[in-house]
Amino acid sequence: MLRIISFAISLLLIAQGSKAQKILKEMPKGYDAIQPGVASGKIDTISYKSKTVGSTRRALVYTPPGFSKKKKYPVLYLLHGIGGDEKEWLKGGNPQLILDNLYAEEKIEPMIVVMPNGRAMKDDRATGNIMAQDKVAAFATFEQDLLKDLIPFVESKYPVLKNRENRAIAGLSMGGGQALNFGLGNLDQFAWVGGFSSAPNTKIPSELMPNPQDAKEKLKLLFISCGDNDRLITFSKRTHDYMFEHSVPHVYYIEPGVHDFKVWKNGLYMFSQFLFKPVDNASLSGYTILGTRPETNIRSAQYPQILPDNRVVFRVKAPGAQRVQIDLGKKYEMAKDTGGYWAVTTDSIGKGFHYYSLLIDGVALADPSSETFYGMGRMASGIEIPYRNGGYYAQKDVPHGEISIRKYFSRPMGSWREMYVYTPPGYEKSTEKYPVLYLLHGGGEDQRGWATQGKTDLILDNLISEGKAKPMVIVMMDGNVSSGGLAGFNENVLKSFENELKQAAIPFVESNFRVETDAKNRALAGLSMGGLQTLYAGIKNTEMFSSLGVFSSGWFSNNTALTEPQYAFMKTNAEKINSNLKNFWISMGGQEDIAFNNCKIMCAKFDELGVKYAYSEYPGGHSWPVWRHDLFAFSQLLFK
């Protein structure tokens, strides 16, 4: 008997799992029209007494083909937009035909669909000034009408399942905002929530979902969709961004389109197929047609686009080219269409900022659709991949400092040079003097790196606003003092940088900015090549700096001619170094960082010499996501 029960349970689990079938990414043509041989559901008009409004109100109710009062059904509440009423979906979207055709192909569960009037007021007609204050307010009032009047009425008149797991809510435009507000605000009532082209009535994400962990536990599905040329897409995107940041599983479905029923019908087609079945959260990121434009695109550029799983779609017009590739470290071959456009979809790309190039017939070029950045020893394109833990460098509503570009004449170099200088919020109105961090870029970059790729100002603005970092001036120098690159990197080049720092940059800053001029209020840090410059100039001058930061760097283990004199100096001066430095902070981007082995060997040598330091690792390799985090962590240690 136990074996029979066990076998039956297994069959049941298999059957349940089979219902989570693959869903097409777009509604086929004809799905919103009558198809021969397809059974029809039924639409009725119901009237219910609303204590919330103080009147009798109406709604449409769709019952599926084969509806039986002996069976209990889940329910979808489907809401209209600001200019519609309970009949808007019926007139513009043919939802009953879409659902009938889905039933015929066994793609959805039998369900009842209720289409109410979401304008909860006595005169709820979509007439006159639909944007009038009282009419807009009535859409918010509908939450109580829905929960206290309509749902109880439906559950008293129809054979429905009354638990949250069998109740869904979705809507278009204003109704999309209502669905998100009411659904996510009442997770004890709804487990399935969908917003199609949600309007500005959508609450800000922190109000919409103040407790993401609770939502993750209770939500069966959150579905957000919009047309790529819908002027309201920013409201869908900010909701998606928040869900992404807080790891809340959801569908973010973007398709070609505007604010119309083409998009909304497709939203219903997609959303209804997920309902009341097991959901594979791992597959949700694959349900979209288009990606989102990264912040690094130039204004109005449609490509590249980032898909929810961080694959990137590139598209470029080059009708005369014979071969086009995208170089993201890995090269991707692009395919040409009949219109002369080349396109490719990459693998999933790691978080944060990446340089890339177009290779057209072997020539490396910047993508005209992307902002350009000085990196890789030339101007290159860049792409910013969303990072759920990147809130520390996000633009926030906090006081902001400023970055100024200053030119100065360097006597050691015999030429005019340039630096970028960050001054903290309140600097212009203050009379106090500030501590200074001199911050150095890597090889192939220049003084622009930390200001643009590094997001230095945003990182410090956010830290200062939270009281986690002292207000400070940050000087982003040009560390290029030789044209030889790393191949010609030797002690003479390092000495030239030391002279530039001590004899030109620091005197200029201390003469032109309101800063402290003693060692305890001066720090030096750099990434990669800038880390080597920090090791050299910082260690040689610990009487000038209280803190040193070395990011993704280390003395070359295979260049003893360069490194041995540095270790000899440190051995002789270990006590002085330890005494003078409050922070000697060394960090790496994990084992995939190209400087990892050099750094580990160097740290072992420091241990042998008795030089004290703190070590940190942050995964991400030799890349800007790592260095942004290095600045975030290191700056919190300074001047305290």
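The protein has 17 helices and 26 strands, and what you're looking at is a predicted model. Along its principal axes, the C-alpha trace spans about 90 × 65 × 60 Å. Of the 640 residues in the protein, 55% are buried. Take the contacts with a sequence separation of 6 or more: 73% of them come from residues 24 or more positions apart.

**Helix H12 and its bend**

Let's start with H12, which covers residues 491-512. Its 22 residues should span 32 Å at 1.5 Å a residue, and the end C-alpha atoms sit 30 Å apart, so the two values agree. The helix still has a bend of about 35 degrees, at Leu 501. Leu 501 is itself one of the buried residues of H12, a list that also includes Val 493, Leu 494, Phe 497, Ala 504, Ala 505, Ile 506, Phe 508 and Val 509. Two glutamates, Glu 498 and Glu 500, are on that buried list as well.

Glu 500 deserves a closer look. This H12 residue has a relative accessible area of 0%, so it counts as buried. What does Glu 500 touch, not counting residues up to four places away in sequence? The partners are Tyr 408, Ser 410, Pro 412, Met 413, Arg 417, Met 477, Val 481 and Ala 505.

**Helix H13, between H12 and H14 in the contacts**

Next up is H13, residues 529-540. With 12 residues, H13 should span 16 Å at 1.5 Å a residue; the distance between its end C-alpha atoms is 17 Å, which agrees. How many of the 12 residues of H13 are buried? The count is 11, so H13 is largely enclosed by the rest of the structure. Among those buried residues are Met 529, Leu 532, Leu 535 and Ile 539, along with the glycines Gly 530, Gly 531 and Gly 538.

H13 packs against H12 and also against H14, residues 560-572. Here are the helix pairs, with H11 and H17 added:

| Helix pair | Angle | Axis distance | Source of values |
|---|---|---|---|
| H12 and H13 | about 65 degrees | 10 Å apart | computed from the model |
| H13 and H14 | about 35 degrees | 11 Å apart | computed from the model |
| H11 and H17 | roughly 35 degrees | within 10 Å | computed from the model |

H12 passes H13 in a right-handed crossing. On the H12 side the contact is made by Glu 491, Leu 494, Lys 495, Phe 497, Glu 498 and Leu 501, and on the H13 side by Leu 532, Gln 533, Tyr 536, Ala 537 and Lys 540. By class, that's six nonpolar, one polar and four charged residues. The bend residue, Leu 501, is thus part of this contact too.

With H14, the crossing of H13 is left-handed. Tyr 536, Ile 539 and Lys 540 of H13 meet Gln 566, Phe 569 and Met 570 of H14. This contact divides into four nonpolar residues, one polar and one charged. Tyr 536 and Lys 540 turn up in the contact with H12 and again in the one with H14.

Asn 541 lies in the loop between H13 and strand E24 (547-551). Is Asn 541 buried or exposed? With a relative accessible area of 3%, it falls below the 20% cut-off and is therefore buried. Leaving aside neighbours within four places in sequence, Asn 541 is in contact with Glu 498 and Lys 502.

**Other spots to check**

H11 (residues 456-465) and H17 (residues 624-635) make a right-handed crossing. Thr 456, Ile 459, Leu 460 and Leu 463 in H11 meet Arg 628, Leu 631, Phe 632 and Ser 635 in H17. The split here is five nonpolar, two polar and one charged.

H9 (residues 261-274) has 14 residues and reaches 20 Å from first to last C-alpha, close to the 20 Å expected. The helix is mostly covered, with 13 of its 14 residues buried. Just after H9, Phe 276 takes a positive phi of about 60 degrees.

Finally, there's Gly 444, placed in the loop between strand E21 (436-440) and helix H10 (449-452). Its relative accessible area is 25%, so Gly 444 is partly exposed. Setting aside neighbours within four places in sequence, Gly 444 is in contact with Tyr 374, Gly 375, Met 376, Gly 377 and Arg 378. Gly 444 and Met 379 are 65 residues apart in sequence, and their C-alpha atoms are 9.8 Å apart in space.

Key: Residues are numbered from 1 along each chain as its sequence is written. This is a predicted model: local features need pLDDT of at least 70, side-chain atom pairs count only at pLDDT 80 or more; totals for chains, interfaces and linings use all residues. Side-chain values use heavy atoms; hydrogens and water are left out. Axes are lines fitted to C-alpha atoms, for helices over the stretch in contact, and angles run from 0 to 180 degrees between N-to-C directions. Helices (H or I, at least four residues) and strands (E, at least two) are DSSP runs, numbered from the N terminus. A crossing is left-handed if the near helix is turned anticlockwise from the far one by less than a right angle, and right-handed if clockwise. Contact means heavy atoms within 4.5 Å. Ala, Val, Leu, Ile, Met, Phe, Trp, Tyr, Cys and Pro count as nonpolar, Asp, Glu, Lys and Arg as charged, and the others, Gly among them, as polar. The expected span of a helix is 1.5 Å times one less than its number of residues. The bend at a residue is the angle between axes fitted to the seven residues ending there and the seven starting there. Buried means under 20% relative accessible area, exposed over 50%, partly exposed in between (1.4 Å probe, protein chains only).
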